[in-house]
Amino acid sequence: MKVKLLLIFLLIFSGNICFAHFHSKTDSLRNELLKSIANKKKDNDTSKINDLNRLANAYQSSYPDSSVYYGDMAVRISRKMNYNKGIADGLAASAAIYITQGKYQLAISNLNQSTAIYTSGN
């Protein structure tokens, strides 16, 4: 009985450690990317858009609303400068969240737009 309790305690404790480690990695990535984004004063900077999309992908499992926010921001800025890769990546990041939220029509729309951009070669 004591062995079972000890195993259960260790499983719960190790799960909490892994969860905390994952969030600290995500938060450090967030801080790094936000500093990078803040240093890029112009909206028409493709590296800023790529950073926004990296942030959207990093937040998919822990902060889905933030993931959609950053993906949408990348799409909006990318559309202003006709940066197709940024548009496609942002749409794909948001689509992944919409699938987990059960917003399938929105996810399909984003995936269709993203696929069209990726396959057009632009």
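**Notebook: helix α2 and its neighbours**

I began with the pair α2 and α3, and I noted that these two helices are roughly antiparallel to each other, because their axes cross at roughly 155° and an angle over 145 degrees counts as roughly antiparallel. The axes of α2 and α3, the latter covering residues 64-81, come within 8 Å, and the crossing is left-handed. I keep in mind throughout that this is a predicted model.

**Entry: the α2 and α3 contact.** I looked up which residues meet here, and from α2 I listed Thr-46, Ile-49, Leu-52, Asn-53, Leu-55 and Ala-56. On the side of α3 I found Ser-67, Tyr-70, Gly-71, Met-73, Ala-74, Ile-77, Ser-78 and Met-81. Sorted by class, the residues of this contact are nine nonpolar and five polar, with no charged residue.

**Entry: the whole chain.** I then stepped back to the protein, which has 122 residues, of which 34% count as buried. I counted five helices and zero strands, and read along the sequence the pattern is α-α-α-α-α. Among contacts with a separation of 6 or more, I noted that 54% join residues 24 or more positions apart.

**Entry: α2 and α4.** Next I turned to α2, residues 46-58, beside α4, residues 84-100, whose axes come within 9 Å and cross at roughly 15°. I wrote down that α2 and α4 are therefore roughly parallel to each other, since angles under 35 degrees count as such. The crossing in which α2 passes α4 is left-handed. For this contact I listed Ile-49, Asn-50, Asn-53, Ala-56 and Asn-57 from α2, and Lys-85, Gly-86, Asp-89, Gly-90 and Ala-93 from α4. By class I recorded three nonpolar, five polar and two charged residues in the contact of α2 with α4.

**Entry: α2 by itself.** I checked the length of α2, which has 13 residues and reaches 18 Å from its first C-alpha to its last, close to the 18 Å expected at 1.5 Å a residue. Which residues of α2 are buried? I found Lys-48, Ile-49, Asp-51, Leu-52, Asn-53, Leu-55, Ala-56 and Ala-58 to be so.

**Entry: Ser-78.** I looked more carefully at Ser-78, which lies in helix α3. Is Ser-78 buried or exposed? Its relative accessible area is 0%, so I count Ser-78 as buried, the cut-off being under 20%. Leaving aside its neighbours within four places in sequence, I found Ser-78 in contact with Ile-49, Tyr-83, Gly-86 and Ile-87. I also noted that Ser-78 and Gly-90 are twelve residues apart in sequence, while their C-alpha atoms are 8.9 Å apart in space.

**Entry: α4 and what follows.** I checked α4 in the same manner: at 1.5 Å a residue its 17 residues should span 24 Å, and its end C-alpha atoms are 25 Å apart, which agrees. The buried residues I listed in α4 are Gly-86, Ile-87, Ala-88, Asp-89, Gly-90, Leu-91, Ala-93, Ser-94, Ala-95, Ile-97 and Tyr-98. What covers the buried residues of α4? I found that the cover includes α2, α3 and α5, the last of these at 104-120. Finally, just after α4, I noted that Gly-102 takes a positive phi of about 80°.

Key
Residues are numbered from 1 along each chain as its sequence is written. This is a predicted model: local features need pLDDT of at least 70, side-chain atom pairs count only at pLDDT 80 or more; totals for chains, interfaces and linings use all residues. Side-chain values use heavy atoms; hydrogens and water are left out. Axes are lines fitted to C-alpha atoms, for helices over the stretch in contact, and angles run from 0 to 180 degrees between N-to-C directions. Helices (H or I, at least four residues) and strands (E, at least two) are DSSP runs, numbered from the N terminus. Angles under 35 degrees count as roughly parallel, over 145 as roughly antiparallel, 65 to 115 as roughly perpendicular and the rest as oblique. A crossing is left-handed if the near helix is turned anticlockwise from the far one by less than a right angle, and right-handed if clockwise. Contact means heavy atoms within 4.5 Å. Ala, Val, Leu, Ile, Met, Phe, Trp, Tyr, Cys and Pro count as nonpolar, Asp, Glu, Lys and Arg as charged, and the others, Gly among them, as polar. The expected span of a helix is 1.5 Å times one less than its number of residues. Buried means under 20% relative accessible area, exposed over 50%, partly exposed in between (1.4 Å probe, protein chains only).
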